[in-house]
Amino acid sequence: GVGNTFTISGWFKATTINGYPRLWSRKTSHKDSDGWEIENANGNAKAFSARGASGDAISLNTPSYDNAWVHIALVYNGTTLSAYANGSPCGSGTIAAATENGSRQG
C-alpha cells in the first residue's frame with residue numbers, strides 16, 4: 001500500500017497522445033471512490049489531472065513530453081499533492097485521500 005504519504009516519479013516521452021492516457025493509476029475508472037491517478041488531459045502533451053479518492057482533480061502544467069523526455073514527480077502528504085516537472089514546481093492542491101485499492105492500472 002502507498003499509505004498516507006508517498007512520492008512517485010518517472011520519465012515520460014510520447015510520440016502519439018490520444019484521449020486521456022494515464023501515467024500512474026490505482027483506479028479502474030476516474031470516477032471510482034477509491035484509489036488515485038494522474039492522467040493526460042485529452043491529448044495535450046503539457047496538461048495533466050491528478051485525482052484522489054473522491055475524483056476531484058487538480059491541474060498540472062508541464063513542459064511538453066511530445067517527442068521529448070520529461071521527468072514528473074508527485075509528492076503526496078495525506079492531503080496535498082505537489083507536482084514537479086524536470087525539478088520545477090508545476091502544480092499543487094488538495095485532493096481527497098489517496099486510498100489503496102490494490103488496482104494495478106496504468
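This report describes the strands, the sheet and an aromatic pair of one protein chain. The structure is a predicted model.

**Overall composition**

The chain contains eight strands and zero helices, and its elements follow the pattern β-β-β-β-β-β-β-β along the sequence. Of its 106 residues, 40% count as buried. The accessible surface of the chain amounts to about 5400 Å², and carbon and sulfur atoms account for 46% of that area. Where contacts link residues at least 6 apart in sequence, 45% of them join residues at least 24 apart.

**The open sheet**

Four strands make up an open sheet, arranged in the order 2-3-4-5 with antiparallel pairing. Strands of a sheet pair through backbone hydrogen bonds, either parallel or antiparallel. Strand 2 and strand 5 are the edge strands, each pairing on one side only. From one strand to the next, the twist averages 25 degrees. Strand 4 runs antiparallel to strand 5, and five bridges join the two. Within this arrangement, Phe-48 stands opposite Leu-60 of strand 5.

The table lists residue ranges for some of the strands.

| Strand | Residues |
|---|---|
| Strand 1 | residues 6-12 |
| Strand 2 | residues 22-25 |
| Strand 4 | residues 44-51 |
| Strand 5 | residues 57-61 |
| Strand 6 | residues 70-76 |

**Aromatic pairs**

The chain holds two aromatic pairs. One of them is formed by Phe-6 and Tyr-76, a tilted pair with 5.5 Å centre to centre and 40 degrees between the planes. Because Phe-6 lies in strand 1 and Tyr-76 in strand 6, this pair ties together parts that are 70 residues apart in sequence. Phe-6 and Tyr-76 are both buried.

Note on methods
Residues numbered from 1 in each chain as written. Predicted model: local features only at pLDDT ≥ 70, side-chain atom pairs only at ≥ 80, totals over all residues. Heavy atoms only, no water. Buried < 20%, exposed > 50% of the residue type's maximum accessible area, 1.4 Å probe, protein only. Contact = heavy atoms within 4.5 Å. Areas by Shrake-Rupley, 256 points an atom, 1.4 Å probe, with all protein chains shown as cover. Phe/Tyr/Trp six-rings, centres within 6.5 Å; stacked < 30°, edge-to-face > 60°. Pairing = 2+ DSSP bridges. Axes fitted to C-alpha atoms, helices over the stretch in contact; angles between N-to-C directions.
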